[in-house]
Amino acid sequence: MSEVRSDLKNSLFIKIFGAPEHKPYLLSLFNALNNTNYADGTEVELNTIENVIYMGIKNDVSCIIDNKMNLYEHQSTINPNMPLRGFMYFGRLYEKFVKKNKLNIYGQGLIKLPTPSYFVLYNGTDYLPDSSELKLSSSFIHEGTSQKFEWTAIVLNINIGRNERLLESCEALKEYSIFFEEIRSNIAAGMAKEQAIDKAINDCIVRDFILSDYLLQHKAEVVGVLLSEYNEQETMAMFKRDYEAELAKERQKAAIKVADAEAKAAEAQAKAAEAIAEATNAKAELSKVNAQMEELMAKMAEMQKQLDAATKNN
């Protein structure tokens with residue numbers, strides 16, 4: 001998360017689900033994610049933090065519905081740090097909530113807060129199961145000693161063919177996923193990105209999607225936003241390739257250092273073994289000399305004894 005210029009683009013996800021005029025779409029998404037059935041007209045308070053972005057594209061929507069603080073993030077790449085990002089984001093949301101409602105966090109009374117709910121909606125091309133959980137505790141250096149402290153991001157795969165119940169429950173989300181699937185199919189067929197996006201928009205309009213009016217009225221803007229998103233994805237992929245290449249080099253250097261250290265250790269062990277063998281041999285030689293000395297001393301003592309006896313007899 002970072003502070004950025006106001007001219008950086010919102011993602012299409014925000015334009016569809018985060019715009020005040022599209023609150024029915026957001027309420028439908030909330031109902032689909034929570035298995036609820038709140039009717040149109042239910043109060044939906046948008047509280048998205050305006051200056052939080054990822055890779056130059058703003059892709060989060062937050063709101064309060066029925067005393068639930070909801071954060072929805074759209075991702076086209078796998079990011080294991082979503083729990084940390086969500087945790088930091090919610091801290092700012094609660095700070096905003098406390099200030100807005102003039103709550104005294106230093107008083108003796110318990111402050112009641114909206115219940116948090118954090119979903120990451122993934123539509124990338126890398127494999128992810130329909131549903132998975134990312135936990136903040138996985139990042140802790142001392143795992144298992146956090147005194148039960150936890151923060152969880154629920155990751156849902158919204159690609160076509162995945163989480164069908166969810167997509168059928170929210171028509172706007174289903175059409176959003178179909179739209180991106182169409183773009184990918186067009187690109188796979190050999191179209192340039194702009195042409196692929198333009199054709200997908202036209203196809204959605206012809207099929208009379210509920211998003212058709214928005215796509216028709218804001219076609220040029222949608223094309224521009226999506227081109228920016230695809231450029232961001234390509235940039236991220238480039239960074240990833242460069243990082244992996246650099247990491248491979250570092251691993252190779254580390255492997256060489258390890259091999260060199262192991263060779264030196266083996267050489268040192270061999271020399272130590274040789275020194276021990278020499279010491280053992282020297283000790284054996286010393287024991288042999290000591291034994292010979294003791295034998296010689298015994299013989300000299302016997303000779304002295306015989307000499308003393310001969311002197312006494314004379």
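**Close-up 1. Salt bridge between K299 and E295 in helix α8 of the predicted model.** The side chains of K299 and E295 meet with an N to O distance of 3.7 Å, and the two residues, both in helix α8, are four residues apart, which corresponds to about one turn of the helix. K299 is partly exposed, with a relative accessibility of 49%, and E295 is likewise classed as partly exposed, at 46%.

**Close-up 2. Salt bridge between E250 and K253, also in helix α8.** Here the closest N and O atoms of E250 and K253 are 3.8 Å apart, and the partners, three residues apart within the helix that spans residues 219-313, are separated by about one helical turn. E250 has a relative accessibility of 39% and therefore counts as partly exposed, as does K253 with a value of 48%.

**Close-up 3. Salt bridge between R162 and D130, linking two loops.** The closest N and O atoms of R162 and D130 lie 2.6 Å apart. Because R162 belongs to the loop between β6 (152-157) and α4 (164-169), whereas D130 belongs to the loop between β4 (115-122) and β5 (131-135), the pair ties together parts that are 32 residues apart in sequence. R162 is partly exposed at 22% relative accessibility; since buried means under 20%, this value does not place R162 in the buried class. D130, with a relative accessible area of 29%, is partly exposed as well.

**Overview of the salt bridges in the predicted model.** The count for the model comes to 14 salt bridges, among them the pairs K299 and E295, E250 and K253, and R162 and D130.

How values were computed. Residues numbered from 1 in each chain as written. Predicted model: local features only at pLDDT ≥ 70, side-chain atom pairs only at ≥ 80, totals over all residues. Heavy atoms only, no water. Salt bridge = Lys/Arg side-chain N within 4 Å of Asp/Glu carboxyl O. Buried < 20%, exposed > 50% of the residue type's maximum accessible area, 1.4 Å probe, protein only.
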